[in-house]
Amino acid sequence: MPLPATIPLPGGLAMPAVGLGTFKSRGQEAAGAVAAALTAGFRHIDTASIYKNESEVAAGIAASGVPRHEVFVTSKVSPYQMGSEAAIAACEASLAALQCTQSSSGSSGSRAGSSTAAPAPIDLMLVHWPGVAKTPADSPANAAARQQTWRVLESFHRRGLFRAIGVSNFEVRHLEELLSYAEVAPATNQVEIHPRYQQRQLRAYCAEHGIPVVAYSPFGGGVLLDDPAVAAAAAAAGVSPAQALLLWGLHRGAAVLPKSVRSERIAEVAPAELAAAEAALGEAGLARLLAALDALGEEEAPVKYCWDPSGIA
Ligand SMILES: NC(=O)c1ccc[n+]([C@@H]2O[C@H](COP(=O)([O-])OP(=O)(O)OC[C@H]3O[C@@H](n4cnc5c(N)ncnc54)[C@H](OP(=O)(O)O)[C@@H]3O)[C@@H](O)[C@H]2O)c1
């Protein structure tokens with residue numbers, strides 16, 4: 001089965017399946033990476049208020065010459081911005097930083113009707129983390145703030161300022177709780193996923209409940225690119241380790257968010273390059289590659305490279 005270019009989100013949006021990550025990308029380097037990615041064919045950029053690069057993302061989009069309405073932009077409300085008032089301020093700040101403020105005409109900015117000159121809403125806004133910063137992990141304040149924050153996202157969604165809303169780092173029990181009160185269903189759950197941290201149970205729950213999954217840290221923060229087992233599987237398939245890891249994530253049903261600030265690395269994993277790598281592999285070669293990477297999740301205990309939400313009440 002050839003890779004889908006986009007993943008349908010609940011509510012009707014199509015999310016490009018490969019997005020550029022921007023965690024730790026700062027200043028001119030961040031803007032340059034975004035412009036390089038769009039020039040290479042990416043149409044999805046992942047940022048967050050806590051990355052402190054939303055204005056650079058906007059600058060990179062402008063510099064690329066790709067019309068804003070052709071780019072799918074995700075941002076996130078940080079753990080420091082949870083709760084009713086703080087989340088409203090955070091959402092307004094993200095809209096301003098991404099230069100997405102509503103036009104004076106009050107248009108809700110439907111994609112079909114937007115022009116290149118018209119400011120666009122944020123395509124996807126996420127609750128970044130299930131907990132509140134500087135709050136004990138077992139505190140009931142976390143659950144209360146999650147609900148308040150979700151209500152804020154729902155209100156921005158209803159006003160047309162966010163095309164879709166979702167969550168990140170939510171475990172099954174956080175999702176169960178969210179689904180018990182959500183008036184707008186979460187459009188995605190963005191979580192760490194790669195062959196050494198496959199999250200099969202969480203992926204199955206999300207599939208069952210119609211919540212598309214987005215895989216962050218697909219290179220394990222870079223470590224997996226030097227993992228001998230990944231390198232061996234990639235070499236046997238005749239693709240690069242970066243391409244192998246992203247093909248695995250995409251074929252396991254997730255959107256993927258590779259991060260780099262280097263244009264040659266970005267170009268290597270652009271959607272067309274991944275599609276070409278997949279086509280060159282053929283069906284049997286692809287099946288062997290996916291099986292070799294699947295097996296890494298069974299060899300030993302899962303290896304997590306990013307933060308762990310499992311303790312958040
Ligand atoms: N929601 C969340 O809580 C959360 C958490 C983590 C990440 N994310 C999102 O997911 C994105 C990706 O995750 P990540 O940034 O943790 O890590 P990643 O994409 O797994 O790895 C990025 C690292 O790999 C390096 N790299 C990229 N391509 C390479 C190549 N071909 N050869 C060698 N090194 C290479 C990058 O360095 P260079 O930049 O120098 O190339 C960077 O150090 C983030 O940027 C962010 O947008 C979200």
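Helix H9 gives the most to the lining of the largest pocket, namely three residues. Everything I say here rests on a predicted model, so please keep that in mind throughout.

H9 spans 263–268, and two other elements also give two or more residues to that lining: strand S3, at 20–21, and helix H8, at 241–251. In total, 35 residues line the largest pocket. Those nearest its centre are Phe219, Gly221, Gly222, Pro258 and Lys259. By class, the lining of the largest pocket has 18 nonpolar residues, twelve polar ones and five charged ones. The volume of the largest pocket is about 710 Å³.

What takes up the space of the largest pocket? The ligand does.

Now to the ligand itself. There are 28 residues around the ligand, and the ones that come nearest are Asp46, Ser217, Phe219, Ser260 and Arg265. Phe219 therefore appears twice in this talk: among the residues nearest the centre of the largest pocket, and among those that come nearest to the ligand. The shell around the ligand divides into eleven nonpolar, eleven polar and six charged residues.

Three polar contacts are worth pointing out on the screen. A polar backbone atom of Phe219 is 2.7 Å from an oxygen atom of the ligand. A polar backbone atom of Phe23 lies 2.8 Å from a ligand oxygen atom. With Asn169 it is a polar side-chain atom, 2.8 Å from an oxygen atom of the ligand. As for cover, the ligand on its own has 900 Å² of accessible area, and the protein covers 85% of that.

Next, the second largest pocket. Its volume is about 250 Å³. It has 17 lining residues, with Ile50, Pro79, Tyr80, Trp129 and Ala133 nearest its centre. Which classes make up the lining of the second largest pocket? Twelve of the residues are nonpolar, four are polar and one is charged.

Last, the cavities. How many cavities of 30 Å³ or more does a search of the whole structure find? The search finds three. The largest cavity holds about 50 Å³ of space. Its lining includes Asn169, Phe170 and Glu171, then Val191 and Glu192, and further along the chain Lys304, Trp307 and Pro309. Tyr197, Gln199, Leu202 and Tyr216 also line the largest cavity. Counted by class, that lining has seven nonpolar residues, two polar and three charged.

Asn169 is the residue to look at here, as it lines the largest cavity and also has a polar side-chain atom 2.8 Å from an oxygen atom of the ligand.

Notes: Residues are numbered from 1 along each chain as its sequence is written. This is a predicted model: local features need pLDDT of at least 70, side-chain atom pairs count only at pLDDT 80 or more; totals for chains, interfaces and linings use all residues. Side-chain values use heavy atoms; hydrogens and water are left out. A residue is near a molecule or strand if one of its heavy atoms lies within 4 Å of it. A polar contact is a pair of N or O atoms within 3.5 Å; within protein, one must be able to donate a hydrogen and the other to accept it, and residues adjacent in sequence count only if both atoms are side-chain atoms. Accessible areas come from the Shrake-Rupley method with a 1.4 Å probe; for residues, only the protein chains shown count as cover. On a 1 Å grid over the protein atoms alone, a cavity is a set of points where a 1.4 Å probe fits but cannot get out, and a pocket is an open set with protein on both sides within 12 Å along at least five of seven lines; lining residues have an atom within 4 Å of a point. A molecule sits in a cavity or pocket if more than half of its atoms lie within 2 Å of its grid points. Ala, Val, Leu, Ile, Met, Phe, Trp, Tyr, Cys and Pro count as nonpolar, Asp, Glu, Lys and Arg as charged, and the others, Gly among them, as polar. Grid points are joined across faces, edges and corners, and a volume is the space filled by probe spheres set on the points. Helices (H or I, at least four residues) and strands (E, at least two) are DSSP runs, numbered from the N terminus.
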